[in-house]
Amino acid sequence: YCPEILPQVVDFFVTSCHQDESSSIVNVNPVPKCTHAVEILTLCSTNHDTNRGSIGAHKIVILRLISMLRLPLLTVAPNPENGDDPEGTLSFADATRAAAAAGEAIWILAFNHAENYDAFVQGGAVEELSNLVISCADSYEINPDADTKCYYPRMWAMAALQNLAASYCKTETGHCDWEWKLVNETDEYTTLELNDESPLKIDGEAVRLEIGKNEELLDALGNWLCQGPVDDDVDPNRVSGLNQFPSEAILGHGYEELPGMVTWAAVGVWKNLAISQWTHELHFDEPFGCLCIVSLSDDWIEASKAHEALYHIGVANVAVDCFEERLRYLHDDFCQDEPSWEDSQRNSCATYKAEKLCVYAEDLAEAHSDIESASEVCCVCGGGTIFDPATCVNLGEWKDRDGNGCGVYEEHSWCFEHGGNVDGSGVSADTACCVCGGGRFIDQGGERDEL
(Lines give C-alpha, C1' and ligand atoms only; values in the text may rest on other atoms or scores of the structure.)
Protein backbone atom coordinates (compact mmCIF):
# COMPACT_ATOMS: atom_id res chain seq x y z
CA TYR A 1 0.00 0.00 0.00
CA CYS A 2 2.99 2.34 0.27
CA PRO A 3 2.70 3.89 -3.23
CA GLU A 4 -0.92 4.85 -2.53
CA ILE A 5 -0.61 6.14 1.03
CA LEU A 6 2.92 7.57 1.14
CA PRO A 7 2.04 10.98 -0.41
CA GLN A 8 -0.85 11.38 2.05
CA VAL A 9 1.30 10.44 5.03
CA VAL A 10 4.06 12.85 4.00
CA ASP A 11 1.51 15.63 3.48
CA PHE A 12 0.00 15.05 6.93
CA PHE A 13 3.42 15.00 8.56
CA VAL A 14 4.51 18.22 6.84
CA THR A 15 1.33 20.17 7.59
CA SER A 16 0.39 18.88 11.03
CA CYS A 17 3.44 17.64 12.90
CA HIS A 18 5.20 20.44 14.70
CA GLN A 19 5.35 21.74 18.25
CA ASP A 20 5.84 25.05 19.99
CA GLU A 21 9.45 24.78 21.17
CA SER A 22 9.14 28.00 23.16
CA SER A 23 7.06 26.12 25.72
CA SER A 24 8.01 23.14 27.85
CA ILE A 25 4.40 21.94 27.70
CA VAL A 26 3.77 20.18 24.41
CA ASN A 27 0.19 19.82 23.25
CA VAL A 28 -0.90 16.21 23.15
CA ASN A 29 -2.43 16.53 19.72
CA PRO A 30 -1.35 15.44 17.20
CA VAL A 31 1.89 13.86 18.53
CA PRO A 32 0.55 10.26 18.76
CA LYS A 33 -0.81 10.57 15.21
CA CYS A 34 2.52 11.99 14.05
CA THR A 35 4.31 9.08 15.69
CA HIS A 36 2.13 6.68 13.75
CA ALA A 37 2.84 8.63 10.55
CA VAL A 38 6.59 8.34 11.16
CA GLU A 39 6.28 4.60 11.74
CA ILE A 40 4.57 4.31 8.35
CA LEU A 41 7.36 6.34 6.72
CA THR A 42 9.89 3.96 8.24
CA LEU A 43 8.06 0.85 7.07
CA CYS A 44 7.76 2.22 3.55
CA SER A 45 11.47 3.16 3.50
CA THR A 46 12.86 -0.17 4.64
CA ASN A 47 14.79 -1.82 1.79
CA HIS A 48 13.31 0.76 -0.59
CA ASP A 49 15.77 3.38 -1.80
CA THR A 50 13.22 5.12 -4.04
CA ASN A 51 10.83 5.72 -1.15
CA ARG A 52 13.71 6.95 0.99
CA GLY A 53 14.47 9.48 -1.70
CA SER A 54 10.89 10.67 -2.15
CA ILE A 55 10.49 11.17 1.61
CA GLY A 56 13.82 12.93 2.01
CA ALA A 57 13.06 15.23 -0.93
CA HIS A 58 10.78 17.09 1.50
CA LYS A 59 13.47 18.77 3.60
CA ILE A 60 10.87 19.83 6.13
CA VAL A 61 10.35 16.12 6.89
CA ILE A 62 14.03 15.84 7.77
CA LEU A 63 13.83 18.87 10.09
CA ARG A 64 10.58 17.73 11.73
CA LEU A 65 12.09 14.31 12.47
CA ILE A 66 15.07 15.98 14.11
CA SER A 67 12.77 18.20 16.19
CA MET A 68 10.81 15.14 17.43
CA LEU A 69 13.99 13.91 19.13
CA ARG A 70 13.63 16.79 21.61
CA LEU A 71 10.17 15.80 22.88
CA PRO A 72 11.30 13.82 25.97
CA LEU A 73 13.51 16.76 26.98
CA LEU A 74 10.63 19.24 26.60
CA THR A 75 8.00 17.23 28.42
CA VAL A 76 7.36 18.10 32.06
CA ALA A 77 4.53 17.32 34.43
CA PRO A 78 1.54 19.65 33.90
CA ASN A 79 0.90 22.26 36.59
CA PRO A 80 -2.86 22.95 37.08
CA GLU A 81 -2.00 26.15 38.96
CA ASN A 82 -0.63 27.53 35.69
CA GLY A 83 -3.75 26.47 33.83
CA ASP A 84 -2.19 23.31 32.39
CA ASP A 85 -4.69 20.65 31.41
CA PRO A 86 -3.30 17.19 32.39
CA GLU A 87 -5.39 15.57 29.67
CA GLY A 88 -4.24 18.06 27.07
CA THR A 89 -0.50 17.75 27.55
CA LEU A 90 1.88 15.16 26.18
CA SER A 91 2.69 12.23 28.46
CA PHE A 92 6.29 11.20 28.88
CA ALA A 93 5.44 7.78 27.45
CA ASP A 94 4.07 9.36 24.26
CA ALA A 95 7.06 11.71 24.07
CA THR A 96 9.59 8.88 24.28
CA ARG A 97 7.63 6.77 21.79
CA ALA A 98 7.66 9.72 19.35
CA ALA A 99 11.40 10.28 19.81
CA ALA A 100 12.06 6.56 19.29
CA ALA A 101 10.03 6.59 16.07
CA ALA A 102 12.01 9.60 14.84
CA GLY A 103 15.31 7.91 15.69
CA GLU A 104 14.29 4.77 13.81
CA ALA A 105 13.24 6.84 10.80
CA ILE A 106 16.59 8.65 10.75
CA TRP A 107 18.34 5.28 11.07
CA ILE A 108 16.67 3.95 7.91
CA LEU A 109 16.38 7.15 5.86
CA ALA A 110 20.07 8.02 6.25
CA PHE A 111 21.27 4.53 5.29
CA ASN A 112 23.23 4.64 2.02
CA HIS A 113 21.34 7.68 0.71
CA ALA A 114 23.67 10.63 0.10
CA GLU A 115 21.03 13.38 -0.05
CA ASN A 116 19.21 12.24 3.09
CA TYR A 117 22.48 11.64 4.90
CA ASP A 118 23.73 15.15 4.15
CA ALA A 119 20.39 16.70 5.11
CA PHE A 120 20.38 15.00 8.52
CA VAL A 121 23.99 15.93 9.25
CA GLN A 122 23.52 19.54 8.14
CA GLY A 123 20.22 19.74 10.05
CA GLY A 124 21.92 18.98 13.37
CA ALA A 125 20.75 15.39 13.81
CA VAL A 126 24.00 14.23 15.41
CA GLU A 127 23.72 16.80 18.20
CA GLU A 128 20.04 16.05 18.89
CA LEU A 129 20.56 12.29 18.83
CA SER A 130 23.50 12.69 21.21
CA ASN A 131 21.43 14.81 23.58
CA LEU A 132 18.71 12.15 23.60
CA VAL A 133 21.22 9.42 24.45
CA ILE A 134 22.76 11.50 27.24
CA SER A 135 19.77 13.31 28.73
CA CYS A 136 16.58 11.38 27.96
CA ALA A 137 16.01 10.37 31.58
CA ASP A 138 17.02 13.70 33.13
CA SER A 139 13.36 14.33 33.99
CA TYR A 140 13.38 11.32 36.30
CA GLU A 141 12.11 13.25 39.34
CA ILE A 142 8.98 14.45 37.57
CA ASN A 143 8.57 11.33 35.43
CA PRO A 144 9.17 8.33 37.72
CA ASP A 145 9.27 5.90 34.80
CA ALA A 146 11.74 8.00 32.80
CA ASP A 147 14.61 5.54 32.99
CA THR A 148 12.49 2.61 31.77
CA LYS A 149 10.72 4.64 29.08
CA CYS A 150 14.07 5.89 27.76
CA TYR A 151 15.46 2.47 26.77
CA TYR A 152 13.54 2.52 23.49
CA PRO A 153 14.38 6.07 22.28
CA ARG A 154 17.98 5.68 23.40
CA MET A 155 18.28 2.48 21.39
CA TRP A 156 17.04 4.11 18.20
CA ALA A 157 19.07 7.26 18.83
CA MET A 158 22.21 5.14 19.03
CA ALA A 159 21.15 3.14 15.98
CA ALA A 160 20.74 6.38 14.04
CA LEU A 161 24.17 7.59 15.23
CA GLN A 162 25.54 4.24 14.08
CA ASN A 163 24.32 4.79 10.52
CA LEU A 164 25.42 8.43 10.47
CA ALA A 165 28.89 7.42 11.68
CA ALA A 166 29.14 4.82 8.93
CA SER A 167 30.76 5.21 5.55
CA TYR A 168 28.95 3.80 2.54
CA CYS A 169 30.38 2.35 -0.64
CA LYS A 170 29.39 1.78 -4.25
CA THR A 171 28.36 -1.81 -3.71
CA GLU A 172 25.05 -3.59 -4.12
CA THR A 173 24.14 -3.16 -0.45
CA GLY A 174 26.06 0.04 0.24
CA HIS A 175 28.30 -1.68 2.78
CA CYS A 176 32.07 -1.20 2.67
CA ASP A 177 34.74 -3.88 2.78
CA TRP A 178 37.59 -2.74 5.03
CA GLU A 179 41.00 -4.43 5.02
CA TRP A 180 44.18 -4.06 7.04
CA LYS A 181 47.13 -3.39 4.72
CA LEU A 182 50.84 -2.72 5.08
CA VAL A 183 51.82 0.91 4.60
CA ASN A 184 54.86 -0.38 2.69
CA GLU A 185 56.71 -3.64 2.38
CA THR A 186 59.20 -2.90 5.17
CA ASP A 187 56.85 -1.18 7.59
CA GLU A 188 55.35 -3.25 10.40
CA TYR A 189 52.48 -0.78 10.84
CA THR A 190 49.27 -1.41 8.95
CA THR A 191 46.41 0.81 7.90
CA LEU A 192 42.68 0.14 7.59
CA GLU A 193 41.68 0.79 3.99
CA LEU A 194 38.80 0.09 1.66
CA ASN A 195 38.95 -2.91 -0.60
CA ASP A 196 39.41 -1.87 -4.23
CA GLU A 197 36.05 -3.46 -5.06
CA SER A 198 34.12 -1.18 -2.68
CA PRO A 199 34.90 2.44 -3.63
CA LEU A 200 33.72 5.13 -1.24
CA LYS A 201 30.32 6.73 -1.80
CA ILE A 202 29.53 8.52 1.50
CA ASP A 203 32.26 9.43 3.98
CA GLY A 204 31.19 9.43 7.64
CA GLU A 205 34.46 10.91 8.93
CA ALA A 206 32.92 14.27 9.88
CA VAL A 207 30.29 12.56 12.04
CA ARG A 208 32.91 10.32 13.65
CA LEU A 209 34.90 13.45 14.52
CA GLU A 210 31.81 15.06 16.06
CA ILE A 211 31.05 11.97 18.15
CA GLY A 212 34.69 11.61 19.14
CA LYS A 213 34.72 15.11 20.66
CA ASN A 214 31.64 14.50 22.83
CA GLU A 215 32.98 12.99 26.06
CA GLU A 216 29.54 12.71 27.67
CA LEU A 217 28.25 10.78 24.68
CA LEU A 218 31.29 8.48 24.63
CA ASP A 219 30.78 7.75 28.33
CA ALA A 220 27.12 6.91 27.70
CA LEU A 221 27.99 4.72 24.72
CA GLY A 222 30.63 2.93 26.80
CA ASN A 223 28.19 2.35 29.64
CA TRP A 224 25.57 0.83 27.35
CA LEU A 225 28.16 -1.28 25.54
CA CYS A 226 29.34 -2.72 28.85
CA GLN A 227 25.79 -3.61 29.87
CA GLY A 228 25.93 -6.43 27.34
CA PRO A 229 25.72 -9.09 26.25
CA VAL A 230 21.96 -9.43 26.41
CA ASP A 231 20.66 -11.83 29.04
CA ASP A 232 18.61 -14.72 27.73
CA ASP A 233 16.56 -14.80 30.93
CA VAL A 234 13.51 -12.55 30.95
CA ASP A 235 10.59 -11.90 33.26
CA PRO A 236 7.57 -13.59 31.59
CA ASN A 237 5.28 -11.08 33.27
CA ARG A 238 6.87 -8.23 31.30
CA VAL A 239 7.43 -9.79 27.89
CA SER A 240 5.43 -12.22 25.80
CA GLY A 241 8.33 -14.09 24.25
CA LEU A 242 11.04 -16.66 24.78
CA ASN A 243 13.94 -14.24 25.21
CA GLN A 244 14.91 -10.61 24.90
CA PHE A 245 17.30 -10.89 21.98
CA PRO A 246 17.27 -7.64 19.95
CA SER A 247 17.30 -9.61 16.70
CA GLU A 248 13.99 -11.26 17.66
CA ALA A 249 12.23 -8.40 19.44
CA ILE A 250 8.69 -7.53 18.37
CA LEU A 251 7.24 -4.07 18.87
CA GLY A 252 4.35 -3.98 21.30
CA HIS A 253 5.33 -7.09 23.26
CA GLY A 254 7.10 -5.22 26.07
CA TYR A 255 10.59 -5.48 24.63
CA GLU A 256 10.91 -1.70 24.38
CA GLU A 257 11.05 -1.47 28.19
CA LEU A 258 13.98 -3.87 28.57
CA PRO A 259 17.54 -2.54 28.94
CA GLY A 260 18.85 -5.51 26.97
CA MET A 261 17.49 -3.92 23.82
CA VAL A 262 20.04 -1.09 23.91
CA THR A 263 23.50 -2.67 23.73
CA TRP A 264 23.42 -3.75 20.08
CA ALA A 265 22.97 -0.13 18.97
CA ALA A 266 25.82 1.09 21.20
CA VAL A 267 28.07 -1.64 19.76
CA GLY A 268 27.14 -0.42 16.28
CA VAL A 269 28.35 3.10 17.05
CA TRP A 270 31.67 1.77 18.37
CA LYS A 271 31.98 -0.45 15.29
CA ASN A 272 31.74 2.53 12.96
CA LEU A 273 33.83 4.85 15.13
CA ALA A 274 36.62 2.29 14.79
CA ILE A 275 36.73 2.86 11.03
CA SER A 276 38.78 5.98 11.85
CA GLN A 277 42.15 4.81 13.17
CA TRP A 278 42.66 7.96 15.23
CA THR A 279 39.92 6.68 17.56
CA HIS A 280 41.79 3.49 18.49
CA GLU A 281 44.27 4.89 21.00
CA LEU A 282 42.03 7.75 22.11
CA HIS A 283 38.79 5.93 22.82
CA PHE A 284 39.09 2.13 22.76
CA ASP A 285 41.11 1.20 25.86
CA GLU A 286 38.05 0.73 28.06
CA PRO A 287 35.53 -0.45 25.41
CA PHE A 288 37.94 -3.17 24.22
CA GLY A 289 37.21 -5.56 27.09
CA CYS A 290 33.45 -5.07 26.76
CA LEU A 291 33.61 -5.68 23.01
CA CYS A 292 35.43 -8.94 23.70
CA ILE A 293 32.66 -10.00 26.06
CA VAL A 294 29.77 -8.88 23.83
CA SER A 295 31.34 -10.86 20.97
CA LEU A 296 30.28 -13.94 22.98
CA SER A 297 26.62 -12.93 22.81
CA ASP A 298 24.05 -15.54 21.85
CA ASP A 299 22.30 -12.83 19.84
CA TRP A 300 23.78 -12.63 16.36
CA ILE A 301 23.27 -8.88 15.95
CA GLU A 302 25.30 -8.09 19.10
CA ALA A 303 27.99 -10.66 18.39
CA SER A 304 28.49 -9.76 14.72
CA LYS A 305 28.79 -6.02 15.40
CA ALA A 306 31.25 -6.65 18.24
CA HIS A 307 33.37 -8.86 15.98
CA GLU A 308 33.39 -6.15 13.30
CA ALA A 309 34.38 -3.51 15.84
CA LEU A 310 37.25 -5.67 17.07
CA TYR A 311 38.40 -6.24 13.50
CA HIS A 312 38.31 -2.50 12.81
CA ILE A 313 40.63 -1.84 15.77
CA GLY A 314 43.08 -4.46 14.54
CA VAL A 315 42.14 -7.62 16.43
CA ALA A 316 43.18 -10.41 14.08
CA ASN A 317 42.26 -13.36 16.29
CA VAL A 318 39.44 -12.67 18.73
CA ALA A 319 39.91 -15.97 20.56
CA VAL A 320 43.56 -15.12 21.30
CA ASP A 321 43.46 -11.35 21.78
CA CYS A 322 40.31 -11.44 23.92
CA PHE A 323 41.36 -14.50 25.88
CA GLU A 324 41.89 -12.83 29.26
CA GLU A 325 38.76 -10.63 29.06
CA ARG A 326 36.58 -13.59 28.12
CA LEU A 327 38.20 -15.75 30.76
CA ARG A 328 37.32 -13.27 33.51
CA TYR A 329 33.75 -13.11 32.28
CA LEU A 330 33.12 -16.82 31.75
CA HIS A 331 35.20 -18.58 34.38
CA ASP A 332 35.34 -17.30 37.92
CA ASP A 333 37.61 -20.18 38.92
CA PHE A 334 40.52 -18.59 37.01
CA CYS A 335 40.07 -15.19 38.61
CA GLN A 336 39.77 -14.30 42.28
CA ASP A 337 38.04 -11.17 43.59
CA GLU A 338 39.66 -9.20 46.40
CA PRO A 339 38.27 -10.91 49.54
CA SER A 340 35.77 -8.93 51.64
CA TRP A 341 35.98 -5.86 49.38
CA GLU A 342 33.01 -3.47 49.31
CA ASP A 343 32.59 -0.06 47.71
CA SER A 344 31.34 3.06 49.47
CA GLN A 345 27.74 1.88 48.95
CA ARG A 346 28.47 -1.54 50.51
CA ASN A 347 28.30 -3.29 47.12
CA SER A 348 30.49 -6.40 46.82
CA CYS A 349 31.99 -7.84 43.66
CA ALA A 350 29.12 -10.34 43.59
CA THR A 351 26.67 -7.42 43.55
CA TYR A 352 28.60 -5.75 40.72
CA LYS A 353 28.23 -8.93 38.68
CA ALA A 354 24.58 -9.60 39.50
CA GLU A 355 23.41 -6.02 38.92
CA LYS A 356 25.91 -5.09 36.14
CA LEU A 357 27.34 -2.17 38.09
CA CYS A 358 30.79 -2.14 36.48
CA VAL A 359 29.83 0.86 34.34
CA TYR A 360 29.67 2.94 37.55
CA ALA A 361 32.96 1.68 39.01
CA GLU A 362 35.11 4.68 38.12
CA ASP A 363 32.50 7.26 39.19
CA LEU A 364 32.29 5.67 42.63
CA ALA A 365 36.07 5.39 42.84
CA GLU A 366 36.51 9.09 42.04
CA ALA A 367 34.00 10.05 44.73
CA HIS A 368 35.79 7.91 47.32
CA SER A 369 39.48 7.87 46.44
CA ASP A 370 40.36 5.98 49.61
CA ILE A 371 38.55 2.86 48.34
CA GLU A 372 39.90 0.72 45.53
CA SER A 373 37.81 0.65 42.39
CA ALA A 374 35.81 -2.41 41.37
CA SER A 375 37.74 -2.28 38.09
CA GLU A 376 40.84 -3.14 40.15
CA VAL A 377 39.49 -5.77 42.51
CA CYS A 378 36.48 -7.46 40.84
CA CYS A 379 36.97 -10.05 38.11
CA VAL A 380 33.72 -9.16 36.35
CA CYS A 381 34.91 -5.53 36.03
CA GLY A 382 38.31 -6.47 34.62
CA GLY A 383 40.18 -6.56 37.93
CA GLY A 384 40.94 -9.19 40.53
CA THR A 385 43.78 -11.68 40.46
CA ILE A 386 43.81 -13.90 37.41
CA PHE A 387 45.60 -17.22 37.63
CA ASP A 388 47.82 -18.45 34.86
CA PRO A 389 45.75 -21.10 33.08
CA ALA A 390 48.99 -22.59 31.82
CA THR A 391 47.94 -24.76 28.90
CA CYS A 392 44.68 -25.27 27.07
CA VAL A 393 44.27 -28.57 25.28
CA ASN A 394 41.58 -29.57 22.83
CA LEU A 395 39.18 -32.32 23.80
CA GLY A 396 40.72 -35.53 22.49
CA GLU A 397 40.88 -35.89 18.72
CA TRP A 398 37.69 -33.94 18.14
CA LYS A 399 36.51 -33.51 14.53
CA ASP A 400 33.24 -32.22 13.17
CA ARG A 401 31.00 -34.36 10.98
CA ASP A 402 32.93 -33.23 7.89
CA GLY A 403 36.22 -34.39 9.39
CA ASN A 404 37.57 -30.94 10.29
CA GLY A 405 39.54 -30.75 13.52
CA CYS A 406 40.33 -27.84 15.81
CA GLY A 407 43.43 -27.02 13.80
CA VAL A 408 41.30 -26.39 10.73
CA TYR A 409 38.99 -24.12 12.74
CA GLU A 410 42.02 -22.12 13.88
CA GLU A 411 43.59 -21.97 10.42
CA HIS A 412 40.43 -20.68 8.74
CA SER A 413 39.03 -18.63 11.66
CA TRP A 414 35.83 -20.64 11.59
CA CYS A 415 34.87 -20.32 15.26
CA PHE A 416 32.57 -17.34 14.94
CA GLU A 417 30.48 -18.64 12.04
CA HIS A 418 30.84 -22.39 12.58
CA GLY A 419 31.63 -22.84 16.28
CA GLY A 420 28.30 -24.59 16.75
CA ASN A 421 29.25 -27.43 14.41
CA VAL A 422 29.26 -30.77 16.25
CA ASP A 423 30.95 -34.13 16.02
CA GLY A 424 29.15 -37.46 15.93
CA SER A 425 28.51 -37.25 19.67
CA GLY A 426 26.99 -33.79 19.55
CA VAL A 427 30.04 -31.96 21.00
CA SER A 428 30.57 -28.59 19.33
CA ALA A 429 33.76 -26.82 18.29
CA ASP A 430 32.93 -24.14 20.86
CA THR A 431 33.16 -26.83 23.54
CA ALA A 432 36.05 -28.88 22.17
CA CYS A 433 38.53 -26.40 20.66
CA CYS A 434 40.72 -23.99 22.62
CA VAL A 435 40.73 -21.53 19.72
CA CYS A 436 36.92 -21.37 19.93
CA GLY A 437 36.94 -20.81 23.69
CA GLY A 438 36.53 -24.46 24.64
CA GLY A 439 38.92 -27.29 25.47
CA ARG A 440 40.38 -28.03 28.90
CA PHE A 441 42.93 -26.11 30.93
CA ILE A 442 45.81 -28.02 32.49
CA ASP A 443 47.93 -26.70 35.34
CA GLN A 444 50.07 -28.20 38.06
CA GLY A 445 46.97 -29.43 39.81
CA GLY A 446 45.80 -31.39 36.78
CA GLU A 447 42.89 -30.83 34.46
CA ARG A 448 40.21 -28.29 35.35
CA ASP A 449 36.61 -28.30 34.28
CA GLU A 450 36.07 -28.05 30.56
CA LEU A 451 35.07 -24.61 29.30
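**Group meeting: salt bridges, a helix and two cores**

I will start with a pair of side chains: Glu128 and Arg70 meet in a salt bridge, with 3.1 Å from N to O. This pair links distant parts of the chain, since Glu128 sits in helix H8, residues 125-135, while Arg70 is in the loop between H4 and helix H5, residues 71-74. The two are 58 residues apart. One thing to keep in mind throughout is that this is a predicted model.

How exposed are the two partners? Glu128 has a relative accessible area of 14%, which is under 20%, so Glu128 is buried. Arg70, at 24% relative accessibility, counts as partly exposed.

As background, side chains of opposite charge can pair when their charged atoms come close. How many salt bridges does a search of the whole structure find? The search finds seven.

Another of them joins Arg52 and Asp49, at 3.4 Å from N to O. Here the partners are three residues apart in helix H3, so about one helical turn separates Arg52 from Asp49. Arg52 is buried, at 6% relative accessibility. Asp49 is partly exposed, with a relative accessible area of 42%.

Next is Glu342 with Arg346, where the closest N and O atoms of the salt bridge are 2.6 Å apart. Glu342 counts as partly exposed at 32% relative accessibility. Arg346 has a relative accessible area of 61%; that is over 50%, so Arg346 is exposed. Besides these pairs, Asp203, Glu205 and Arg208 are joined into one network by salt bridges that share partners.

Now to helix H1, residues 2-16. What should its 15 residues span at 1.5 Å a residue? The expected value is 21 Å, and the end C-alpha atoms are 20 Å apart, which agrees.

Which residues of H1 are buried? They are Leu6, Val9, Val10 and Phe13. These four cover an arc of only 100 degrees around the axis, so they lie on the same side of H1. The face turned away from that buried side carries the exposed residues Glu4, Pro7 and Gln8. As for what covers the buried residues of H1, the cover includes helix H2 (31-45), helix H3 (49-56) and helix H4 (59-68). Helix H3 has come up already, as the helix that holds Arg52 and Asp49.

On to the nonpolar cores. The largest has 94 residues. Those with the most contacts inside this core are Leu65, Phe120, Leu129, Met158, Leu164, Ile211 and Leu310. Take Ile211 from that list. Leaving aside neighbours within four places in sequence, Ile211 is in contact with Val126, Leu161, Ala165, Leu217, Leu218, Leu221, Val269 and Leu273. There is also a second, separate core of eleven residues, including Leu395, Trp398, Ala429 and Cys436.

The last stop is Ser198. Where does Ser198 lie? Ser198 is in the loop between strand E3, residues 190-194, and strand E4, residues 200-202. Is this residue buried or exposed? With a relative accessible area of 2%, Ser198 is buried. Not counting residues up to four places away in sequence, Ser198 touches Cys169, Thr171, His175, Cys176 and Asp177.

Methods: Residues numbered from 1 in each chain as written. Predicted model: local features only at pLDDT ≥ 70, side-chain atom pairs only at ≥ 80, totals over all residues. Heavy atoms only, no water. Expected span 1.5 Å × (residues − 1). Buried < 20%, exposed > 50% of the residue type's maximum accessible area, 1.4 Å probe, protein only. Arc of directions from axis to C-beta. Contact = heavy atoms within 4.5 Å. Salt bridge = Lys/Arg side-chain N within 4 Å of Asp/Glu carboxyl O. Core = buried A, V, L, I, M, F, W, Y, C linked by side-chain atoms within 4.5 Å.
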